[in-house]
Amino acid sequence: VYDNIPVKANIVEADTLKTLPLRKLPKVSTNIRVVEVQDTDFSPCGGTHVNLTGEIGIIKVKRWEKLKSSYKFEFVCGTRALKDYRAKNTAINNLASTMSARDYEVENYFNKLIEDYKALQKDFSAARQALLSNESEKLMNTALTIQNIKIVSMVFKDRDISDLKILAQNIIKHNSYIVLSAVINQSAQILFSCSDDLSINMGTLLKSVIHVIDGKGGGNAKSAQGGGSNTEALDLLMSKAEQLLVAQINNK
């Protein structure tokens, strides 16, 4: 490119082809156009070409990947390469300014931020687990006991369903516990769980009451989850589920 080599295109006769060091043979037999890059390449081609290689301008390889027996490259050139450089240069300068760092320090600074973020995530996760463990113990103390089976019922607002799952798991790892939990966010979400030593089917229980909140859901004997749009009826659903459980336990 920087040698600015001339590029010529000529229509040649079929007999002339035999005298040219073609990189590939033409697909047509008449009106054959051969593009010559001086001292570099001769190829039959009907496409658009520059007059001088310098007209191509900057060539920037953006990324590449290895295929089975070759490589795939993505690149831009000329004005597109310049625009790509400007966009990335602006982004790097903005990041450097935000980080109060020099442009060549951005990568190391960013990597340090990622390491700090992961450490904070780990600390936050440990603290969250500790808080949920403590909350689980308090909830266990509120359990309704029916014939040595303990029922923990809990309803929250604006809380992540993942919290309910952790609370339930912390409780049902103990024997003879059933957890009826729910949360209201934009809709009502339900999670029923029970300890492994119990034979009460959570999936069946959920299906028997989920219609109360115009919802749907499912699960298995040990855990069931569902949701519905009628959040105002959530308390009624929880009450019905508890009543069904009490009746089922007393009938055993």
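Is Cys 194 buried or exposed? In this predicted model, Cys 194 has a relative accessible area of 1% and is buried. Cys 45, in contrast, is partly exposed, at 29% relative accessibility. The structure contains zero disulfides. For Cys 45, the closest cysteine sulfur is that of Cys 77, 15 Å away, and a bond is ruled out because this is too far; a disulfide would need the two sulfur atoms within 2.5 Å.

The description of the strands begins at the N-terminal end. Strand E1 (residues 7-12) runs antiparallel to strand E2 (residues 32-37), and six bridges join the two. Within this pair, Asn 10 is opposite Val 34 of E2. E2 is also joined to strand E3 (residues 41-44), again in an antiparallel arrangement, through four bridges. Here Val 35 has Ser 43 of E3 as its bridge partner. E2 and E3 form a hairpin with three residues between the strands, and in this hairpin Asp 39 adopts a positive phi near 60 degrees.

A further hairpin is made by E4 and E5, with four residues between them. Strand E4 (residues 59-66) and strand E5 (residues 71-77) are antiparallel and are linked by seven bridges. Lys 66 is bridged to Tyr 71 in E5.

Two other residues stand out by their backbone angles. Most residues other than glycine have a negative phi. Asn 31, which is not a glycine, nevertheless has a positive phi of about 50 degrees. Asn 31 sits in the loop between helix H1 (14-17) and E2, and its relative accessible area of 61% makes this residue exposed. Ser 100, also a residue other than glycine, has a positive phi near 55 degrees. Ser 100 belongs to the loop between H2 and H3 and is exposed, with a relative accessible area of 72%.

The helices on either side of that loop were examined next. Helix H2 (residues 78-99) and helix H3 (residues 106-140) have axes that come within 10 Å and cross at roughly 60 degrees. H2 is therefore oblique to H3, and the crossing of the two is left-handed. On the H2 side, the residues in contact are Ile 92, Leu 95, Ala 96 and Met 99; they meet Val 106, Tyr 109, Phe 110 and Leu 113 of H3.

Further along the chain, six strands make up an open sheet of mixed pairing, in the order E6-E7-E8-E9-E11-E10. Strand E6 (144-146) and strand E10 (215-219) are the edge strands, each pairing on one side only. From one strand to the next, the twist averages 15 degrees. Inside this sheet, strand E8 (residues 177-184) and strand E9 (residues 188-194) run antiparallel and are joined by seven bridges. Val 179 has Ser 193 of E9 as its bridge partner.

Two helices pack on the sheet. Helix H4 (residues 161-172) touches strand E7 (149-157), E8, E9 and strand E11 (223-228), and the direction of H4 makes about 170 degrees with that of E8. Helix H5 (residues 202-209) touches E8, E9, E10 and E11, and the direction of H5 makes about 150 degrees with that of E9.

H5 also meets another helix. The axes of H5 and helix H6 (residues 234-250) come within 10 Å, crossing at roughly 135 degrees. H5 is therefore oblique to H6, and their crossing is right-handed. The contact involves Leu 205, Ser 208 and Val 209 of H5, which meet Leu 237, Lys 240, Ala 241, Leu 244 and Leu 245 of H6.

The loop between E9 and H5 contains Ser 195. This serine is buried, with a relative accessible area of 0%. Leaving aside residues up to four places away in sequence, Ser 195 is in contact with Ile 172, His 174, Asn 175, Ser 176, Tyr 177 and Lys 222. Among these contacts, Ile 172 falls within H4, Tyr 177 within E8.

Technical notes
Residues numbered from 1 in each chain as written. Predicted model: local features only at pLDDT ≥ 70, side-chain atom pairs only at ≥ 80, totals over all residues. Heavy atoms only, no water. Buried < 20%, exposed > 50% of the residue type's maximum accessible area, 1.4 Å probe, protein only. Pairing = 2+ DSSP bridges. Axes fitted to C-alpha atoms, helices over the stretch in contact; angles between N-to-C directions. Contact = heavy atoms within 4.5 Å. Parallel < 35°, antiparallel > 145°, perpendicular 65-115°, else oblique. Left-handed = near helix turned anticlockwise from the far one by under 90°.
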